[in-house]
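Biologist: Please take a close look at one part of this model for me. I would like to know how its domains are laid out and how they meet.

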Amino acid sequence: MSRYFSDRYASLVPYVPGEQPQDRRYLKLNTNEAPFPPSPGVLAAVAEESGRLQLYSDPDARALRAKMAETYGVTPDRVVLSNGSDEVLNFAFMAFASDDRPLVFPDITYGFYPVFAELNRLPYTEIPAKDDLSIDPADYLGGGKKTVVIANPNAPTGLFLPLSEIERIVKDNDGVVIVDEAYVDFGGESAVPLTDKYDNLLVVGTFSKSRSMAGARLGFGIGSPDLIRDLNTIRNSTNPYNVNRMTLAAGVAALTDAAYYRDNCKKIEAAREKTAAELTALGFTVIPSKANFLFAKHPAIGGKQLYLTLKDRGILIRHFDKPRIADYNRITVGTNEQMDTLIGAIRKILNETGGQK
Ligand code: PMP
């Protein structure tokens, strides 16, 4: 820390992204990226748009917002775009949480939420998930002014709360309920249709997972026109050109090529179910997932040990050194071939450590 670093941020502990090592080629199953490349239409759109990089991007992102509106069955004034969904989450925390409307989210969830809260000096409470790591919707009821944040499906568990439960939470709260749907396209059900009915519901989504665009950084928020106007006030006070030209063009092309991505999601869902069954057969406890990852633990090998041993053998998965979940690992679901490699490596490790049931 330099002696110039502001006191405001001196105690900030930044979010730690999953490893992106450059030292060797790994089978990367640690950051929930898609194993499939973007569609040919996306590649062509990016190549074409790159010839116009001398021009700023459209700060109103009209073309992509119109396409989003068509895709999600809303009007364009109900869509805001962001540089990855992390950005719109930060904007939403800034816009809607305050001392009067403190943040509430589960203790086991996306690790960026407490960081955004700290960054913006917002009060927050982490509500313990149940022993099986599921969220009890009742913990988020009781009215009052609070800003609820729920990832659905949740991360890193993959557990999905039915929409009826989300609706109960939205109905019961006087603050904004932010539903982070980063993983909803792998078998969940989106709450976007509920944004018609409730002006305190903000749904956040991303192109990083189901649309193979993690490196392009494209996220979005969908809510009432008033909520979106507030988010634009923050966005236009931060960086009106927050989404670059190539990414805007890629977004339109990705929505046009919906069938390609739907197909990819189906493949990942099938690989997830197959991998979950194989891990269970090897003695793992596997949490039922509606995301493109699995959260699993084994009675004979610690989470950290399995992570380190796999890393040594060229396979990266994600271990969180955190209370309650240190026994687990989060495994991104890739192609069937990638999952076969993973299962083969795990079987070998369990044999070596005498851990196979
Ligand atoms: N929400 C959740 C629950 C996530 O796991 C992630 C991915 N790390 C994000 C949001 C942010 O993704 P992105 O910024 O790439 O859209």
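Modeller: Here is the chain as a whole, followed by its two domains. This is a predicted model, where local features need pLDDT of at least 70, side-chain atom pairs count only at pLDDT 80 or more, and totals for chains, interfaces and linings use all residues. Residues are numbered from 1 along each chain as its sequence is written, and side-chain values use heavy atoms, with hydrogens and water left out.

The chain holds 10 helices and 12 strands. Both are DSSP runs, numbered from the N terminus: helices are H or I with at least four residues, strands are E with at least two. The radius of gyration, taken over C-alpha atoms, is 21 Å; the globule rule also gives 21 Å for 357 residues, so the chain is as compact as a globular protein of that length. That rule is 2.2 Å times the number of residues to the power 0.38. The C-alpha trace spans about 60 × 50 × 50 Å along its principal axes.

Now the domains. Their bounds come from an automatic or database domain assignment. Domain 1 takes in 7–36 and 259–353. Domain 2 runs over 40–256. Their C-alpha centres lie 24 Å apart. Where they meet, 32 residues of domain 1 are in contact (heavy atoms within 4.5 Å) with 36 residues of domain 2.

Contacts across the chain add to the picture. Take those between residues at least 6 apart in sequence: 73% join residues at least 24 apart.
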